[in-house]
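User: I have a model open on my screen and would like to walk through it with you. Could we take it one question at a time?

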Amino acid sequence: MTTATTDELLTVPEVMARLKLGRSTVYDLIRSRRLTSITVGRARRIPVAAVRDFITYKMGEAA
């Protein structure tokens, strides 16, 4: 088992900044399961890999 670092999980505002999207859009992506996330207590966290996968999927969809 590998040890996760805090750099591997992003907050919603960090995802908003990386994707240049609004808060509602990011939560819609999470709700529709197009962007994978986890809940830690009451905090929502998005793995960096999920953001990369989302970008890769959208680029493939646009091609």
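User: What is the accessible surface of the chain, and what share of it belongs to carbon and sulfur atoms?

Analyst: Happy to start there. This is a predicted model, so local features need pLDDT of at least 70 and side-chain atom pairs count only at pLDDT 80 or more, while totals for chains, interfaces and linings use all residues. Residues are numbered from 1 along each chain as its sequence is written, and side-chain values use heavy atoms, with hydrogens and water left out. By the Shrake-Rupley method with a 1.4 Å probe, where for residues only the protein chains shown count as cover, the accessible surface comes to about 4,900 Å², and the share of carbon and sulfur atoms is 54%.

User: In what order do the helices and strands run from the N terminus on?

Analyst: The elements are DSSP runs numbered from the N terminus, with helices (H or I) of at least four residues and strands (E) of at least two. The chain has three helices and three strands. From the N terminus on, their order is β-α-α-β-β-α.

User: How are the three strands ordered in the sheet?

Analyst: Two strands pair if DSSP finds at least two bridges between them. E1 and E3 are joined by two bridges, with Leu 10 opposite Ile 46 in E3; E2 and E3 are joined by three, with Val 40 opposite Ala 43 in E3. The pairing is antiparallel and the sheet is open, in the order E1-E3-E2.

User: Why is one side of E1 and of E2 left without a neighbour in the sheet?

Analyst: The open sheet has the order E1-E3-E2. Strand E1 (9–10) and strand E2 (38–40) therefore each have one side free, since each has a single partner strand and stands at an edge.

User: Which residue takes a positive phi in the hairpin of E2 and E3?

Analyst: This hairpin has two residues between the strands. A positive phi near 65° is found there at Gly 41.

User: Which buried residues does H2 have, and what arc do they cover?

Analyst: Buried means under 20% relative accessible area, exposed over 50%, and partly exposed in between (1.4 Å probe, protein chains only). In H2 the buried residues are Val 26, Leu 29 and Ile 30. They lie on the same side of H2, because the arc they cover around the axis, taken from the directions from the helix axis to the C-beta atoms, is only 100°.

User: Which exposed residues sit on the face of H2 turned away from its buried side?

Analyst: The buried residues of H2 pack against helix H1 (12–19), strand E3 (43–47) and H3. The face turned away from that buried side carries the exposed residues Ser 24 and Arg 31.

User: Which element gives the largest share of the largest nonpolar core?

Analyst: A nonpolar core is a set of buried Ala, Val, Leu, Ile, Met, Phe, Trp, Tyr and Cys residues joined through side-chain atoms within 4.5 Å. The largest one has 13 residues, and Val 26, Ile 30 and Ile 46 are among those with the most contacts inside it. H1, H2 and H3 are the elements that give two or more residues to this core. The largest share, four residues, comes from H3.

User: Which residues does Val 26 touch, leaving out those up to four places away in sequence?

Analyst: Contact means heavy atoms within 4.5 Å. Not counting residues up to four places away, Val 26 touches Val 12, Val 15, Met 16, Leu 21 and Leu 35.

User: Which residue meets Arg 31 in a salt bridge?

Analyst: A salt bridge is a side-chain nitrogen of Lys or Arg within 4 Å of a carboxyl oxygen of Asp or Glu, and the structure holds two. Arg 31 is exposed at 59% relative accessibility and lies in helix H2 (residues 23–31), three residues from its partner. At 2.9 Å, N to O, that partner is Asp 28.

User: What is the N to O distance in the salt bridge of Glu 61 and Lys 58?

Analyst: Both residues lie in helix H3 (residues 48–62), three residues apart, about one turn of the helix. Glu 61 is partly exposed at 45%, and Lys 58 is partly exposed at 35%. Their side chains meet with an N to O distance of 2.8 Å.
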